[in-house]
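User: Could we go through this structure together, beginning with the aromatic residues?

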Amino acid sequence: MGQVTFKTQEELDQEKLTSWRESTKVSRLQAKAALAEFGHLDAAQAIIDDPATSTLAKLAWVEASEFRRASPMMLQIAQLLELTDEQLDELFEYASTVEV
């Protein structure tokens with residue numbers, strides 16, 4: 001028989017959060033609406049417009065139909081906006097409620 005391991009509630013909560021972060025996605029419109037609501041849209045646009053920003057990030061900003069919470073581009077933008085993981089979570093939670 002195999003060994004049984006038990007997880008603490010904290011470990012279970014962390015797994016749930018990690019899974020949510022990896023699976024959460026919103027439309028481009030929802031993401032930009034949330035950025036605007038939280039006062040970050042102009043700063044995010046400035047990051048995209050920066051010549052140092054990769055062509056892939058620029059294309060994704062304009063062409064992607066959805067933004068994923070855990071995508072490298074989103075994490076890079078969040079870092080440049082100096083958003084914590086919790087603030088980025090809040091932004092995505094809000095974005096998922098935006099309806100047009």
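Analyst: The turns below cover aromatic pairs, one helix contact and two single residues. This is a predicted model, in which local features need pLDDT of at least 70, side-chain atom pairs count only at pLDDT 80 or more, and totals for chains, interfaces and linings use all residues. Residues are numbered from 1 along each chain as its sequence is written, and side-chain values use heavy atoms, with hydrogens and water left out.

User: How many aromatic pairs are there in the whole structure?

Analyst: The search finds two. Rings of Phe, Tyr and Trp (its six-membered ring) pair if their centres lie within 6.5 Å; planes under 30 degrees apart count as stacked, over 60 as edge-to-face and the rest as tilted. The ring centres of Phe-38 and Tyr-94 are 5.6 Å apart and the planes are at 65 degrees, so this pair is edge-to-face.

User: Where do Phe-38 and Tyr-94 lie?

Analyst: Phe-38 is in the loop between helix 2 (28-37) and helix 3 (41-49), and Tyr-94 is in helix 6 (residues 85-95), so the pair ties together parts that are 56 residues apart in sequence. Helices (H or I, at least four residues) are DSSP runs, numbered from the N terminus. Phe-38 is partly exposed, with a relative accessible area of 30%, and Tyr-94 is partly exposed at 31%. Buried means under 20% relative accessible area, exposed over 50%, and partly exposed in between (1.4 Å probe, protein chains only).

User: And Trp-61 with Phe-67: are they buried or exposed?

Analyst: Both Trp-61 and Phe-67 are buried.

User: Which residues of helix 3 and helix 4 meet?

Analyst: Leu-41, Ala-44, Gln-45, Ile-48 and Asp-49 in helix 3 meet Ala-57, Lys-58 and Trp-61 in helix 4. Contact means heavy atoms within 4.5 Å.

User: How do the axes of helix 3 and helix 4 cross?

Analyst: The axes of helix 3 and helix 4 (residues 55-63) come within 9 Å and cross at roughly 135 degrees. Axes are lines fitted to C-alpha atoms, for helices over the stretch in contact, and angles run from 0 to 180 degrees between N-to-C directions. Helix 3 and helix 4 are therefore oblique to each other; angles under 35 degrees count as roughly parallel, over 145 as roughly antiparallel, 65 to 115 as roughly perpendicular and the rest as oblique.

User: Changing topic, what does Arg-21 touch?

Analyst: Not counting residues up to four places away in sequence, Arg-21 touches Arg-69, Ala-70, Asp-85, Glu-86 and Asp-89. Arg-21 is found in helix 1 (residues 9-23) and is buried, with a relative accessible area of 13%.

Conventions. Helix = DSSP H or I, 4+ residues; strand = E, 2+ residues; numbered from the N terminus.
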